[in-house]
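Reader: I have not looked at this one before. Can you take me through the ligand site and the empty spaces?

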Amino acid sequence: MKAVKLYEIAPDVLSRMANGGVFLTVKDKKGRFNTMNIGWGSVSCYWNEPVFIAPVRHDRYTYELLQDADSFTVSVPLDDGLREALKIVGTRHGNEVDKYALAHITPLDALSVDGKVVGECALHIECRIGLTMPMEPSAMAEAVRERWYADGDFHTLYFGEVAACYRTDIDD
Ligand SMILES: Cc1cc2nc3c(=O)[nH]c(=O)nc-3n(C[C@H](O)[C@H](O)[C@H](O)COP(=O)(O)O)c2cc1C
């Protein structure tokens with residue numbers, strides 16, 4: 001395992017999000033956990049720290065878990081081998097099916113937060129939620145609202161302070 005800096009791996013994270021997505025995993029305080037696909041998100045700097053911002057729409061089961069969670073993880077595949085798994089976790093709902101069994105992926109304990117990562121990925125970002133920010137519809141340009149939120153299902157943005165960022169396919 002090798003610790004890496006969020007800013008250094010930003011190009012990998014952004015290009016994977018734009019090409020098939022990455023795994024966003026949430027474990028709540030009752031111990032329930034779930035993973036879904038995110039294709040949007042930000043690698044950013046807030047409060048002088050590296051921060052990952054994850055946008056989650058309100059009809060997702062993951063959103064329900066986030067109501068009672070203080071962390072999330074992002075697991076990033078570095079090749080195309082998990083495309084089918086990403087499709088499954090990005091179209092099925094964790095309160096209806098066992099996504100881990102269907103997608104043949106493994107939940108492993110996170111290192112720095114009380115959460116899970118996807119074991120088949122080589123790159124992981126573990127985050128503590130520092131800010132939960134529902135999108136304010138009245139603050140949105142009409143064109144954006146019409147294009148992306150015509151059904152009224154807005155995103156909430158989760159600002160995650162990076163607690164650990166590492167690769168499991170290489171060693172220090
Ligand atoms: C490529 C791809 C990217 C996605 N990106 C997002 C995203 O950024 N935010 C979001 O809320 N849903 C996104 N989704 C949809 C969720 O992954 C999908 O609704 C999933 O079934 C939710 O799972 P859950 O109900 O178990 O939480 C994406 C789906 C795919 C296939």
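**Ligand and pockets**

Author: Three elements, β3, β5 and α2, each give at least two residues to the shell around the ligand. Helices (H or I, at least four residues) and strands (E, at least two) are DSSP runs, numbered from the N terminus. This is a predicted model: local features need pLDDT of at least 70, side-chain atom pairs count only at pLDDT 80 or more, and totals for chains, interfaces and linings use all residues. Residues are numbered from 1 along each chain as its sequence is written, and side-chain values use heavy atoms, with hydrogens and water left out.

Reader: Which element gives the largest share of the shell around the ligand?

Author: β3 does, with 4 residues.

Reader: And how many residues surround the ligand?

Author: There are 21, and the closest are Thr62, Arg92, His93, Gly94 and Lys99. A residue counts as near if one of its heavy atoms lies within 4 Å of the molecule.

Reader: What is the shell like by class?

Author: The shell has 7 nonpolar, 10 polar and 4 charged residues. Ala, Val, Leu, Ile, Met, Phe, Trp, Tyr, Cys and Pro count as nonpolar, Asp, Glu, Lys and Arg as charged, and the others, Gly among them, as polar.

Reader: Which polar backbone atoms are paired with an oxygen atom of the ligand?

Author: One belongs to Arg57, at 2.9 Å from a ligand oxygen. Another belongs to Arg92, at 2.7 Å. With His93 the side chain takes part: one of its N or O atoms is 2.5 Å from an oxygen atom of the ligand. A polar contact is a pair of N or O atoms within 3.5 Å.

Reader: How much of the ligand does the protein cover?

Author: 84% of the 660 Å² of accessible area that the ligand has on its own. Such areas come from the Shrake-Rupley method with a 1.4 Å probe.

Reader: Where does the ligand sit?

Author: In the largest pocket, meaning that more than half of its atoms lie within 2 Å of the pocket's grid points. That pocket holds about 320 Å³ of space. Of its 21 lining residues, the closest to the centre are Met36, Asn37, Ile38, Arg60 and Gly90.

Reader: What exactly is a pocket, or a cavity?

Author: On a 1 Å grid over the protein atoms alone, a cavity is a set of points where a 1.4 Å probe fits but cannot get out; a pocket is an open set with protein on both sides within 12 Å along at least five of seven lines, and lining residues have an atom within 4 Å of a point.

Terms used. Points joined across faces, edges and corners; volume = space filled by probe spheres on them. Polar contact = N/O pair within 3.5 Å; in protein donor to acceptor, adjacent residues only side chain to side chain.
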